[in-house]
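Please open the model in your viewer and keep the selection panel at hand. The tour below proposes one selection after another and describes what is found at each stop.

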Amino acid sequence: MMNAVPISWFLTLSAILFALGVAGFLFRRNIITVFMSIELMLNAVNLSFVTFSYQHKEVSGHLFTFFVMVVAAAEAAVGLAIILTVFKGRSTLNIDDVNSMKH
Amino acid sequence: MQLWLIPILPLAGFLINGIFGRRFSKSLVNTVAIGSVVLSFLWVLKTIFAMGDLNTSIEEHYFTWIQSGTIDIGCDFLVDRLTIVMLLVVTGIGSLIHVYSIGYMSHEGGYYRFFAYMNLFMFFMLVLVLGANFLLLFVGWEGVGLCSYLLIGFYFDKKFATDAGNKAFIVNRIGDFGFSLAMFYIFKNFGSLDFDKVFHQAASAPEWVLTTIGLLLMVGACGKSAQIPLYVWLPDAMAGPTPVSALIHAATMVTAGVYMTARSWVIFTHAPGAMDVIAIVGILTAFLAATIGLAQNDIKKVFAYSTVSQLGYMFVGIGSGAFSAGIYHLVTHAFFKALLFLGAGSVIHALSGEQDLRNMGGLRKKIPITFWTMVCAWVAISGVPPFSGFFSKDAILLAAYQHSPAIYWIGVVTAGMTAFYVSRAMFMTFFGSYRGKAHPHESPAVMWVPLAVLAALSLAGGWLFPIPAFLKAMFPAFEEAENHMLMYISVLAGFGGIGLAYLMYLRKPGMADSLAQTFKAPYQLIYNKYFVDEIYSATVVRPLIGGSRMVLWKGVDAGLIDGIVNGVGARCRDVGSVLRLLQSGNIRSYATWVLFGSVALLVAMGLLGGLPR
Amino acid sequence: MDVILFLIFAVVAVVCAINVVVQTHPISSALSLVGVMGSLAVLYLLLGAEFIAAAQVIVYAGAIMVLFVFVIMLLNAGAETKKGRSYLIPGAPLLIVFLGLMAYYVQRYLFPESAVVRFGGFTGGGPKDIGNALFTTYLLPFEVTSILILVAIIGAVVLARKEIE
């Protein structure tokens, strides 16, 4: 028994990491920290994909994870560029100050 | 037999004059309007000759008007002896009055409109008279009420005229409501509104049903024929042009109630209670209106109250069971009352608009034709034998005596008062010295020729048209006991009235005023028409208007309905202003909402049966 | 043995994740995130995903997080100071409910029988297998992602360049 980890533990871990990512997204005010919480959420999802891939003994889950990583990279690049632009315009990294869409 | 031509010709006149009349010359308007009515009259004559011995009635069915469930009402016309009498009166006197109006209205604005309305009135009146079922009669009934409103308010820029039109229409409506209830009840009990079907079954219906129907029909007749308590519109209706007063409010429309009760004689003869009510209402109205007519100073108002009073007589005849006597008086009254009104119109026209008796006098030398024709009407209405009014009034009083002697005696007193006030009007207008300031001139031929025709009819109509004999076949046998004593008494009352008026207004001119001073309170009472209008206004009109304003307008309409409609709009706006908060522009709040949504999804998933295995 | 490994690295991952959320200075958060990624790489190895584990370390921790650190240094972002609106009150209960529901579903519905993970239980995650699938079944997504990366590069360059005066 010591050699085997129940699969549900992996998924629970994934859920906890995802929840922590959401918490970071909701409760932090620095844009970059928010962005990093998004990356945390993506990692949690990766973990659950790999877990399911193990359960079904398929490699498709790994491929999905691979693509998520690619997209995360692209997204990080563009997102950080956006943050740079926003910072140039407003000189603040407080997400609550980016509210010119507010009525 | 093409009966439909009789009403359609005036309708065509209305349409042509109404739509195109503005551009027509006066003579073209005249030709269309009078031509249509005269043609209608000629067609009536042709129908009579084609009918032969007049013992069978003709019915023509044109189309099915309403067919729904058990209701089956067609557009049917019926012509029997009663219809013929009415048709002749309506088209004949209508033609005369149309001719007269050419002269009277020649200086008035809205010439084509007047004739259009008059033709429309003729159409509706003919539909009323020709209808073979209650509903078609009601169509005509309502239509003549509409035309009365339009014509009374003809001078629409004068407030008293439009008010009078409103009053006529509204008071008539009350009568119409009674008529409608009667029709509903008739339909409920007899399953049809056709005259022949209803009257066939009425003979065997229970008495209380017939009494109720009779009383409800009477309410309708009270409205249209100006009996108590719905007579108040007729005196005010004098605000319309004089030909209107002559045609509608003397000869034809106000007699519609009498015609309707005579047509429904089957119902009434089996409901003696209703007949008693009719007779009592009739005599009370006759008496009351005659007392008011004693003190009026406007010549048209005198004749208006006289009309109300004479209509009361007709109902006394009907209520006493002498239906043909009532119709007889309808015919003779049409002659002499139309003549009185047209003559008054001629006087007014001669004096360029003066209507107050106190400003007239000594006109018999100045407008002789008008004078002599009105004398014919004067003797007819006073019941002087052997002229037309004597025959018809006598027939009614005899029948009344057989029904109830009290009614007879009140009728005799009323006859005396009738003679008195008409004589008073005649003496104040034509005798003595002229008290006014205008230059009296005789009316043109187009006006005095109809007067002459009507004068001849007023004098000779009694023997020329023996209506009771004519209608004997239609109505139940009514044995009139020949009682010469009664006849002498009523004639004496007539002469007494004339003599008293002669005394008070010609021999001793100041006597009238001194009597008025001595009996100040009664005089004020009748001069102010017993304050009936004021009483109605205080007890009925103002509470209704106030109630309408407070409850229906402010409460229901503005409060409830506007409240609901505006409330819906306001609630939408409120919901919107709450939903707007979702779009806060703040990223973190959006994220919170996304989280909330996903939690909701998860809960829903769990409740709906979990994940698939 | 596997259980102990799992527990150690799971705890490390969770602690680092908490640290990401809790730390005020972004750079500390970034470094904690690197720790999370590292522990996750070990867990991938446990699950037999060798290629993914390597990719995680090289791409994620080695490139993306480095990019993050660059940007933090560039912007000279300091510790968070201002106190703004707190979304704690609506957010925290929702999160707890969310977490609870996930855990409940996972325990109850997904794996009723004891499915377990053993190191070496799945050997199909090597580069050979990945490459096989990538260039046969998933060829289209592969090509599309290359375009995606191209677009991202162009976007980043356009957004971040200086305006020509």
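**Where chain B meets chain A**

Select chains A and B: nine residues of chain A are in contact with eight residues of chain B, where contact requires that the C-beta atoms of two residues, placed from the backbone, lie within 7 Å. On the side of chain B that touches chain A, three residues are nonpolar, four are polar and one is charged. In this classification Ala, Val, Leu, Ile, Met, Phe, Trp, Tyr, Cys and Pro count as nonpolar, Asp, Glu, Lys and Arg as charged, and the others, Gly among them, as polar.

The model is predicted, and local features need pLDDT of at least 70, side-chain atom pairs count only at pLDDT 80 or more, while totals for chains, interfaces and linings use all residues. Residues are numbered from 1 along each chain as its sequence is written, and chains are lettered from A and ligands numbered from 1 in the order in which they are written.

**Chain A alone**

Now select chain A, which has three helices and one strand; these are DSSP runs numbered from the N terminus, helices being H or I with at least four residues and strands E with at least two. From the N terminus, the order of elements is β-α-α-α. Chain A is more spread out than a compact globule, because its radius of gyration is 17 Å, well over the 13 Å that the globule rule gives for 103 residues. That radius is taken over C-alpha atoms, and the rule is 2.2 Å times the number of residues to the power 0.38. The C-alpha atoms of chain A fill a box of roughly 55 × 25 × 25 Å along the principal axes.

**Chain A against chain C**

Add chain C to the selection: the contact takes 64 residues from chain A and 75 residues from chain C. Which element gives the most to the side of chain A that touches chain C? It is α3(A), with 22 residues. By class, this side of chain A has 44 nonpolar, 15 polar and five charged residues.

Next, select β1(A) and residues 116-117 of chain C, strand β1, which pair in the antiparallel sense over two bridges; pairing requires that DSSP finds at least two bridges between the strands. Here A:Pro6 stands opposite C:Val116 in β1(C).

**Chain B alone**

Finally, select chain B, with its 25 helices and two strands. Its C-alpha atoms fill a box of roughly 120 × 60 × 55 Å, taken along the principal axes.
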